Amino acid sequence: MYAHQRCTPKLSDKDYGNRLINHYLENHFKTPKNFECYLYVSQILQAEGVKKGIEVYRQNMKDKYCMGTLYWQINDCWPAASWSSIDYYGNWKALHYYVKDSYKPIIITFESLCDSINIHLVSDSIERKKALLSLKLIDFSGNCLKEESLDVDIKSNTSYIIHSVKKSDLLKSSKGNRDILLYCSLVDSKNNIIAKNIFYLDRLKNLNLLKPTISTNIIKSNNNYIIKLISDKLAKNVYLEFENLQGYFSNNFFDLLPNNEIEILYKKTNTIENKNSSNVRLKIITLYDSYTN
């Protein structure tokens, strides 16, 4: 870590960059159990921080305070602990998957106040359209505690508050703020999801995550793979890795809601041919796994 840590304002203080990572990681996450999990959690830390920055800047569009952002940096010229979202070998870090969603033309963002949560709709689209906003208060076992939906007029090229919920109303329906999440989605007339986002009512380190059991079904499709995933509990920050293949996942480091099957496409980049899916070794890590044995 010393040799590959380039955040050293003072050459005499080689531990400066590592201390920064540790400081913010300890503020937001439970202590990772080993070095592999430390790398995994530190990537989520970076992704969550930049995601929040992008969302707030885009949210402020209505005040003409800021109309967009660029983040530093996209890639690396050598293996290092750095700000990049793509590593030296071309692999996508958690940040690169996060900003793929944060930079979509239409997004939902959250503004947490003392007693309420403002839900903002941000649109860079020049078209005005109708949609349905769906809000679900869900516990980590998948029980829907509260549900609400309302028609939304997506205005063009602006940001505005489309709904506000009181935190006290959410907590009345649950045991506490460490066991629930607020899932918001924006759906068009053809039932396509335009935008979605999840709000947690406490810091990630304080969440009472449960051990998820994730069922997988890997299907060979031409030279690629389709991975179907479903979990009985909230699986926070699901990280996928094929141990014997090289390629790219269509999504990674994502939150898998309970009893909600999703499909991930894996595009191979190496030339090794596997005759059937039984030869493929899929590794899965979740935030719960990062601190429990």
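Helices here are DSSP runs of H or I with at least four residues, numbered from the N terminus. The model is predicted.

**Exercise 1.** State which helix holds Phe-35, and find the surface patch to which Phe-35 belongs.

Solution.
1. Phe-35 lies in helix 2, which covers residues 35-59.
2. Together with Met-1 and Leu-39, Phe-35 makes up a nonpolar surface patch.
3. The accessible area of these three residues together is about 280 Å².

**Exercise 2.** Decide whether Cys-37 is buried or exposed, then list its contacts beyond its neighbours within four places in sequence.

Solution.
1. Cys-37 is also placed in helix 2.
2. The relative accessible area of Cys-37 is 3%.
3. The cut-off for buried is under 20% relative accessible area.
4. Cys-37 is therefore buried.
5. With neighbours within four places set aside, Cys-37 contacts Pro-32, Asp-289 and Ser-290.
6. A C-alpha separation can be added: Cys-37 and Ile-285 are 248 residues apart along the chain, and their C-alpha atoms are 8.5 Å apart.

**Exercise 3.** For strand 13, identify how strand 9 and strand 11 are joined to it, and name a residue opposite strand 13 from each.

Solution.
1. Strand 13 spans residues 262-268, and strand 9 spans residues 224-231.
2. These two strands run antiparallel and are joined by 5 bridges.
3. Across this pairing, Tyr-225 is opposite Tyr-266 of strand 13.
4. Strand 11, residues 247-249, is likewise antiparallel to strand 13, with 3 bridges between them.
5. Here Gly-247 faces Lys-268 of strand 13 as its opposite residue.

Key:
Residues numbered from 1 in each chain as written. Predicted model: local features only at pLDDT ≥ 70, side-chain atom pairs only at ≥ 80, totals over all residues. Heavy atoms only, no water. Patch = residues over 30% accessible without salt bridge, like charges linked within 9 Å, V, L, I, M, F, W, Y side chains within 5 Å. Areas by Shrake-Rupley, 256 points an atom, 1.4 Å probe, with all protein chains shown as cover. Salt bridge = Lys/Arg side-chain N within 4 Å of Asp/Glu carboxyl O. Buried < 20%, exposed > 50% of the residue type's maximum accessible area, 1.4 Å probe, protein only. Contact = heavy atoms within 4.5 Å. Pairing = 2+ DSSP bridges.
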